Every structure is written in C-alpha cells, then in structure tokens.
Amino acid sequence: MAETLIPREFSSAPIGIGRRITNYFATFAALAAIVLVLLPLGAIFAYLIYRGIGSINWAFLTQTPKPVGEAGGGMANAIAGSVLILGIASALGVPIGIGAGIYLAEYGRNRFGDLIRFTADVLNGVPSIVIGIVAYGLVVLTQGHFSALAGGVALAIMMIPTITRATEEMLLLVPNTLREASYGLGVPRWRTTLSISLRTATSGVITGVMLAFARVAGETAPLLFTAFGNQYWNWKISQPTAALSLQVFTYAISPFDEWHRQAWAGALILIFLIVLAVTAVRVATKYGTLSGA
Amino acid sequence: MGVGIKVEKLNAWFGKTQALHEITMEAPANHATAVIGPSGCGKSTFVRCLNRMHETIPDAKAEGRVMIGDLDVYNGTSPVQIRRRIGMVFQKPNPFPTMSIYDNVAAGLKLNGFHDRRKLNEIVEHSLKVAALWDEVKDTLHKKSGASLSGGQQQRLCIARALAVQPEVLLMDEPCSALDPISTGKIEELIFQLKEDFTIVIVTHNMQQASRVAEFTGFFLLGRLIEFDKTEKIFTTPSDKRTEDYVTGRFG
C-alpha cells in the first residue's frame with residue numbers, strides 16, 4: 001500500500017550532487033555567519049588590549065587620578081565606583097525585574113498583563129539619556145545632590161524590562177506538567193511558582209539578568225547627571241561617585257595624550273570586569289547543576 | 001490504610017462545554033477501580049475532579065459531592081489540603097528536572113515545610129522501595145537528576161514521589177501509556193502491592209490492563225458513566241449494549 005503513495009525512487013535514490021552542493025553551501029553559510037558575529041568582538045578585544053594594556057600597572061589599579069599635567073595616577077576609585085553603582089542597580093533591578101516576570105508568566109494572562117508587557121517593551125526602547133533625566137528628577141532633585149544611588153536607580157530602570165521579559169519567556173517554557181505534578185503533591189501555588197517553575201527556568205532567567213547587566217555596565221549617558229563622577233575615593237551611596245564609563249568618557253574627549261592612554265586602559269578594565277562577572281555567575285550556577293539535568 | 005471514594009452527581013465544565021454529566025459511583029477502599037472509555041469521554045477529567053486538579057485549568061469548574069473517606073472534597077476543604085491526602089500519577093512521567101532523585105521523592109514534604117533530615121531519609125528510602133526503584137537508584141540518589149532516568153524508571157520515581165506524602169488514595173491517569181511492555185508490567189505489579197495500603201483509581205486506554213489490575217470498572221462515554229460494576233462482569237456480561245460494543249472492540 002505504501003509504495004503507491006510514495007514513488008520508490010524517492011526513498012531509494014542516491015543523494016544527488018545538487019543536494020550535496022546545497023549541503024556544503026548551507027554549512028559554509030552558517031560558519032561564515034559565526035565568523036561575522038565573532039569578528040567585531042575579537043577585533044574590539046584585540047584593539048583594546050593593544051591600546052590599553054601598556055597603561056595598566058599597579059598604580060592604575062590602586063591610585064586615584066592625578067591633576068592634569070602630572071603623570072601617573074589611576075582609576076581605582078572609578079573601578080570601585082562602577083562596582084558600587086552596578087551593585088545598587090542589580091540589587092534594585094534584578095528582584096523587581098524577576099518579580100514582574102513571574103507576575104506576567106503565572107498570573108498576567110489578562111488586560112493588565114498586556115499593559116505591563118507593552119510598557120516594558122516601550123521602556124526597553126527609551127534612550128538611556130532620558131532614563132538618566134528621570135533618575136535625576138526622582139533621586140538627585142529629592143536628595144539635593146548627585147549620588148551613586150541615583151546612578152544605580154537609572155541603571156536599574158534600564159535593566160528591569162530586559163529581565164522582566166526574559167523571565168516571563170523562560171517561565172512560559174516550563175512545561176505545565178511540572179506545575180501539575182507540584183499541585184498534585186499538595187504544594188501551594190506560590191511555592192510551586194518559586195520552587196518549581198522559577199527553579200526550572202533558572203538558567204534562562206540568569207541569561208536574561210546577565211544580558212541586562214552587561215548592557216548597563218558600559219552605559220555612560222544615564223550616569224552623567226546622576227552618579228556625576230568624582231576624582232576621589234567615595235564609598236557612600238549618597239555621594240557623587242566615579243564610574244569607569246564616565247572616566248573613560250571624560251578622558252577620551254580631553255586634549256591630553258596621557259589621559260587618552262588611560263581612557264583605553266579604563267575601557268579594557270571595564271570589558272574585563274563584565275566578562276569576569278558574567279563568567280563568575282555562569283560558573284557558580286553550573287556548579288550546582290546535577291548530571292542529566 | 002486506604003479510604004473509600006464516593007462520588008455523587010458530579011458535573012464538570014470546560015468554559016461552557018459540559019465534560020461530565022451527573023457522575024455517581026464509588027471506589028471501595030483498598031481496591032483498584034479502573035476507568036475506561038474512548039478518547040474524550042471524560043475519564044481524565046473525572047479523576048482530575050477527585051483531587052480538584054480540574055479547576056487549575058482556566059475557565060474549568062466542577063460541582064457535585066465527592067467524599068474521600070470523611071473528607072468532603074467540594075465543601076469547605078482547601079484544594080491544597082485535599083491534594084496532600086490524594087496522590088496523583090500522570091500520563092507522562094514528570095519528574096522535576098532540576099532536582100536530584102532524592103529531592104524529587106522528598107519534594108512534596110520539603111516544599112510543604114517538612115525538613116527533618118532523618119525522617120526524610122527514611123521516607124525517601126521507603127517510598128523508593130515500595131515503588132520498586134530503590135535498588136536501581138540507591139547509589140546515585142543525590143548525584144543524578146530525576147530526568148536522567150529511563151521513562152519507566154521516571155514513572156516509578158513519580159509514583160514514589162506521590163507515595164512520600166503518605167496519601168490515602170492514589171489516582172493514576174493512564175500511568176503506562178508512555179511506557180514499554182516491561183515497564184508497564186512492573187507498574188502493574190506495583191499496583192497489586194499498593195492496593196494493600198491505598199485505594200487506587202486508574203484511568204486506562206488498555207482494556208487488558210483494566211481487567212488485570214482492577215476489581216471494579218467504570219465505563220465512560222461522552223461524559224456519562226454508562227456502567228459501573230465488578231471488572232469481571234463488565235468484561236464478560238455487561239448489562240449495557242454500549243459497554244459490550246466497547247469492550248468487544250466494536251467501536252472506540
């Protein structure tokens with residue numbers, strides 16, 4: 001019966017030259033795409049290392065900037081400031097973003113959910129300088145001065161939509177049969193959401209968080225009139241604070257060769273820190289994973 | 001010890017479509033009761049009404065009287081409490097993929113706030129032994145994910161997980177339909193042993209399976225219970241023509 005439906009030649013024919021060419025061509029195209037994706041990244045890294053590595057030394061990592069004209073000095077305070085601001089941004093943005101994502105996926109199949117989804121997508125497209133102005137209005141004007149907190153709030157606002165949407169998408173991928181298994185054991189819904197759905201989606205949610213983190217880590221515009229920058233050490237979240245991206249920006253547009261060299265080095269350190277943070281989180285989450293999971 | 005189940009005038013809906021009509025039947029304690037019928041006849045919906053899983057689907061609702069022992073399922077008891085007394089095994093094995101084998105079995109207790117390590121160890125071992133899986137997994141309890149097991153092992157893991165919360169009733173929704181004959185045989189053997197301690201309601205597509213494991217059988221058609229009787233009678237001398245047509249393979 002089957003042979004009347006499918007011609008015999010179809011299933012038994014040798015794979016023709018045309019198909020082989022198509023196969024090679026498609027494989028080649030996929031490889032070429034990978035190279036095209038990796039090339040700019042590699043080029044940026046290589047060039048940053050080439051220009052920046054010469055200015056990185058112990059002083060650069062441990063000292064604050066020297067006055068104009070004096071050689072030496074470093075960006076230690078900006079490195080610390082970036083860590084501080086990104087810490088505040090993550091502490092605010094990650095829980096709010098994940099919380100909103102949970103709401104959208106588990107409870108938000110309604111009009112209100114659609115509204116939040118739309119708002120998050122629009123927020124994602126708002127220029128970062130505008131978000132800086134919002135944080136300026138919210139925090140700087142209220143406090144009366146620039147601060148690390150204001151910078152952190154600005155970056156947190158930028159992180160939230162990315163994390164929210166990623167969390168939602170990842171939770172929706174968790175099969176409903178797992179939720180049912182949990183309900184069937186008499187586990188309440190909130191507990192199921194946290195311990196089953198969110199836990200199953202963890203690696204995807206972390207990818208979303210890392211994307212958001214990496215995106216804001218290099219942001220300069222939202223920090224211009226929030227964190228503002230600082231030439232000295234500062235550990236108080238209520239005071240103006242230096243950040244690597246700000247320092248690079250200031251140094252890069254300056255007329256001094258020494259500052260240009262330091263700007264390259266600062267950019268290199270910034271990228272290095274982002275890679276370090278992303279890798280550390282990846283390794284930490286891999287460590288707890290079971291075989292066969 | 002198992003407890004008996006009494007269902008009176010149970011009706012269930014998906015939105016405006018009525019899926020169950022006036023179901024009245026009993027599943028006696030410490031016996032297996034099979035629910036058979038063609039696809040879409042409402043047998044899955046029926047067992048999902050017994051532990052109020054039906055209403056977790058948006059727009060679904062159920063009405064009627066269901067007594068599990070002295071527990072009035074649709075009157076004044078929270079679904080969460082009910083589900084702690086009624087274990088459920090699903091059609092497709094659904095172990096929690098991020099949890100170890102041990103944590104899968106302990107999940108029902110741990111997630112409900114029970115953390116006594118020594119007792120958990122005991123319960124996990126006992127549940128896995130009852131589910132005839134202990135010997136196969138005892139060396140990798142904490143190392144391997146529940147999802148790393150074979151399909152048949154996964155289903156026995158799910159049975160162990162359901163048993164660990166020490167229910168009185170075990171609902172099985174086509175527990176063997178995704179399994180090979182050997183795994184199916186193991187699970188059927190298991191059902192025989194489980195009857196000593198639990199009341200079992202099993203939905204099945206497989207009529208041989210119903211006749212092998214169950215003392216009582218209910219035949220569903222188009223959301224109605226057509227006939228309910230001793231399994232032997234259903235398969236040899238059914239009183240309804242439609243039951244006879246179904247069990248002799250004339251339709252369905």
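## Close-up views of a two-chain predicted model

**View 1. Contacts within chain B reach far along the sequence.** Take the contacts in chain B between residues at least 6 apart in sequence: 69% of them join residues at least 24 apart. The model shown is predicted. Half of the chain is packed inside by count: of the 252 residues of chain B, 50% are buried.

**View 2. Chain B combines helices and strands.** Its secondary structure comes to 10 helices and 10 strands. The radius of gyration of chain B is 18 Å, close to the 18 Å that the globule rule gives for 252 residues, so chain B is as compact as a globular protein of that length. Along the principal axes, the C-alpha atoms of chain B fill a box of roughly 55 × 40 × 30 Å.

**View 3. Chain A is built from helices, with 0 strands**. It has 14 helices. Read along the sequence, the pattern is α-α-α-α-α-α-α-α-α-α-α-α-α-α. The globule rule gives 19 Å for the 293 residues of chain A, but the radius of gyration is 25 Å, well over that value, so chain A is more spread out than a compact globule. The C-alpha atoms of chain A fill a box of roughly 90 × 55 × 35 Å, taken along the principal axes.

**View 4. Burial and contacts in chain A.** Of the 293 residues in chain A, 37% are buried. Contacts also link distant parts of the sequence. Among those between residues at least 6 apart, 73% join residues at least 24 apart.

**View 5. Helix α11 of chain A has its buried residues on the same side**. This helix runs through residues 202-217. At 1.5 Å a residue, its 16 residues should span 22 Å, and its end C-alpha atoms are 22 Å apart, which agrees. The buried residues of α11(A) are Val205(A), Gly208(A), Val209(A), Ala212(A), Phe213(A), Val216(A) and Ala217(A). They cover an arc of only 160 degrees around the axis, so they sit on the same side of α11(A). What do they pack against? Their partners are α5 (76-107), α8 (148-173) and α14 (257-287) of chain A.

**View 6. Chain A meets chain B.** The contact takes 19 residues from chain A and 25 residues from chain B. On the side of chain A that touches chain B, the elements giving two or more residues are α9 (176-184) and α10 (189-200) of chain A. The largest share, 6 residues, comes from α9(A). By class, this side of chain A has 9 nonpolar, 7 polar and 3 charged residues.

Notes. Residues numbered from 1 in each chain as written. Chains lettered and ligands numbered in written order. Predicted model: local features only at pLDDT ≥ 70, side-chain atom pairs only at ≥ 80, totals over all residues. Helix = DSSP H or I, 4+ residues; strand = E, 2+ residues; numbered from the N terminus. Expected span 1.5 Å × (residues − 1). Buried ≥ 20, exposed ≤ 12 C-beta atoms within 10 Å, placed from the backbone. Arc of directions from axis to C-beta. Contact = placed C-beta atoms within 7 Å. Rg over C-alpha atoms; globule rule 2.2 N^0.38 Å. Nonpolar A, V, L, I, M, F, W, Y, C, P; charged D, E, K, R; others polar.
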